[in-house]
Every structure is written in C-alpha cells, then in structure tokens.
Amino acid sequence: MISAKEQAQESDRLKSSFLANMSHEIRTPMNGILGFAELLKEPKLTNEEQLEYIGIIEKSGVRMLNIINDIISISKIESGLMNVFLSETNINEQIEYLFTFFKPEVHKKGMQLTFRNGLKKKAAIITTDREKVYAILTNLVKNAIKYSDTGSIEFGYDLVVTPCMASLQFYVKDTGIGIPREKKKSIFERFVQADTGNKRAYEGAGLGLAITRAYVEMLGGKIWVESEIGKGSVFYFTLPFNSGSEENNPSYNTIPDHALEYQIKPLKVLIAEDDEVSADFLKIILEKYSRDVLLVRNGLDAVEACRENTDINLVLMDIKMSGMDGYEAMQEICKYNKEVIIIVQTAYALTSERRRAKSAGCNDYISKPIRRDGLLLLLHKYFMQKPL
C-alpha cells in the first residue's frame, strides 16, 4: 500500500510537471506569434521594425513546431507505438548533411563547427533506423548550439572494436556552460534541463534528451555524458556496427563554403498542392531557380501536366488532395516518366508515411512546414551544377 501510494504520488507529480511545462512552452511562442502579428498591423512601421517582427514570429513558430514534435515523439515512445524501421544507412552522408545544415547557425554565433568521419564513405554503411539516427544527432547538436555562446562545436564518430563486438561511437563536443555532476544522469529524464533553477535562461520543454536516450536504446546502443561546469560537455552514444568492411581512415573533413554557391540548373517545376498559401510559398521560392513553374490542385491534373510537359524536371507532390491523391499520382507518372525527380511535400511527418511515399515512386521527402533552406538543400542534391 505504501509503495502504491508513492507511485501514485510520483505519477501525479509528473502529470503536474508535464502540464506546467507544456503550458509555459506553448504559451510563450504563441505570445510571440500572436503578439508580433498584431504589432505588424501598426501603421508607419519602418522596414527594420517589420523585419524584426517577422523574424520573431518565424523564430516563435519554429519553437512551437519543435514542442509539437517532441510531444508526439515522447507520447509514442511511452505508449509503445514507436517502431524501428531498419535500412542501409550511410553515416558519413548524415554527418555531412548536418554539418552543412547547422554551419550557418553556428557561424552566426561567432563559433566554429567541425566534424569527423571515422570511416571511408563505402565502409560507413550500417543497417539501422536512418530517421532515428538523424533525430539523435540533430537533438545533440542543437543542444550544443543552445548551451554554447563561444568557442567551438565538434561532432562525429569513431569505430570501436572489442573482443565481443564492433560499434560506432558518436560524440558531440561543445565549449558551453557544462552540466553539474548531480544532474548528469537526470538530464536524460523528461522535463529536466541542465540550467534548472529560478531563472530559466534557456527555452525548451526538457524532452529532447529523453527522446534521444529512448532512440539510442531502441537501436541497441547506450548514451552518456562527460562534462565540467564552465568548460563544456561531450555527449557520447554507440550504435552496433554491422558492416564487414575493415576500411578505416579517420580524417577531419570540411565541406567547402562555396559548395552551396554552385548553380542550380534552370528547372521546369510542377507544384501539385491544393492549399493556395502553400502553393504560393513554394512558387515564390522556386521561381528564382526555374524557367517555368506550373501549379495544379489535384493528382489527376498533376498526371495530365506531366503527360503534356515531358520536359518537367521536378515535381513537388502533396499527398492529401481531392480526387486522385499524391500516392496514386506518383505511381501513374512513374509509369511513363522515370527520369523526373519527385519530392513529396506533406503535413504527414511520420516515418511510415515516408516509407509509403518511397514505395510509391518519390525520390525524396520534405515535411511541412517547409523551410526554405531545407528545400534548397534538396535542389542542390538533385540539380546542382558547377558555375562556369
């Protein structure tokens, strides 16, 4: 009875903690979105003030999206509904993509970002859940950026071989605020942050590291941290290495700054999107890189547009549309045009939807809300050409 009472009290405490955290973390960005949207209606705002307010709205929206994603993930984990989808994954490609993605943010803070790949590209292929590895690394690098204001951030992995097994040992090292000794274990629990106290200097619901630990354990690894107050932290995690290759050539890598300056060849683009605002947003981004942008509102019109315009290079395909949906439209297009690049863009962000989209014939996938930088990275991936 005493044990049951203590469990009930702890459950009640966690429930109260969850509600308090979520109330704070949801209301705060909503205050930024609604408050500054109202301020934008004020007459005679200067151009600088408008840009400042728009920037705050954008930042608040990203924060809100992160909270929603974390709530969905932790709920699926705790209800046992989070599945593991195994496939061949090139770890080097994921590391390099994250470096390219986070480099501008780190440099904006006046810091240096580096990465280390412990294996050659051909040897860095393992069977694991690609999306979860990406989420783990993203959470840890974002934390490093969040809690560091000067110095450097480094991430990567090494091959570790023991008599019992071989594994990849990943690390994310920062020169940030560090973690108190008594919190090194508890930071992997829900709602716990390294900077807890009366003054909250850093935003966040405290779910990121709990999700990260759960993902690592699902993939057969372990996670831990080494840290010193004022000197920074190093987060480590392992994943089983199931490749037979013995190639091993550790080296520091850099992606040249001019890589993203390579030109994207002029495209003819088809946007299949039934939401007018979303379609206009995509069109504005893509017009800079396109010789022509076509808009359709449903899957049937997308199929007909591809039949009539055989020179279309890129299709941005929404999934949920009236009549013929995106899945069926992709299958029809692929029957007579296997060269066109199809990128699914949808509000369905679950891994199962990604797998279904891939099987239907798409080349890649981007989740709503679509970020301009994320879309441009995909354009560089499929259509980049060196400048003359």
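**View 1. Strand β10 pairs with β11 in the parallel sense, through six bridges.** This close-up, like the others here, comes from a predicted model. β10 covers residues 267-272 and β11 covers residues 290-296. To find your way along the pair, look for Ala272, whose bridge partner in β11 is Val296. Between the two strands the chain travels through helix α6, residues 276-286. That β-α-β crossover is right-handed.

**View 2. Strand β10 is mostly covered, with six of its six residues buried.** Leu267, Val269 and Ile271 sit on one side of the strand. On the other side are Lys268, Leu270 and Ala272, and these are buried too. So much for the side chains; what does β10 pair with besides β11? Four bridges join β10 to β12, and those two strands run parallel. Here Ile271 is the residue to pick out, as it stands opposite Leu316 of β12.

**View 3. Strands β12 and β13 pair in parallel over four bridges.** β12 is a short stretch to look for, residues 314-317. Leu316 turns up again in this view, now with Ile343 of β13 as its bridge partner. Getting from β12 to β13, the chain goes through helix α8, residues 326-336, in a right-handed β-α-β crossover. Met317 is another handy marker, standing opposite Val344 in β13.

**View 4. Strand β13 has six of its six residues buried, so the rest of the structure largely encloses it.** The strand runs over residues 341-346. Ile341, Ile343 and Gln345 point one way, while Ile342, Val344 and Thr346 point the other way. Both sets are buried. β13 also pairs with β14, residues 364-367, through four bridges, and the two run parallel. Check Thr346 here: it stands opposite Ser367 of β14.

**View 5. Zoomed out a little, five strands make an open sheet with parallel pairing.** Reading across, the order is β11-β10-β12-β13-β14. Which strands are at the edges? They are β11 and β14, each of which pairs on one side only. On average, neighbouring strands of the sheet are turned by 20° against each other, direction ignored. Across β10, β12, β13 and β14 lies helix α10, residues 372-383. The helix runs at about 170° to β14.

**View 6. Away from the strands, helices α4 and α5 pack at an angle of about 145°.** α4 takes in residues 130-146 and α5 residues 208-218, with the two axes 9 Å apart. The crossing of α4 past α5 is left-handed. Which residues make the contact? From α4 they are Lys132, Ala135, Ile136, Asn139, Leu140 and Asn143. From α5 they are Gly208, Leu209, Ile211, Thr212, Tyr215, Val216 and Met218. Sorted by class, the contact has eight nonpolar, four polar and one charged residues.

Key: Residues numbered from 1 in each chain as written. Predicted model: local features only at pLDDT ≥ 70, side-chain atom pairs only at ≥ 80, totals over all residues. Heavy atoms only, no water. Axes fitted to C-alpha atoms, helices over the stretch in contact; angles between N-to-C directions. Left-handed = near helix turned anticlockwise from the far one by under 90°. Contact = heavy atoms within 4.5 Å. Nonpolar A, V, L, I, M, F, W, Y, C, P; charged D, E, K, R; others polar. Buried < 20%, exposed > 50% of the residue type's maximum accessible area, 1.4 Å probe, protein only. Pairing = 2+ DSSP bridges. Right-handed = clockwise from strand over helix to strand, strands pointing away.
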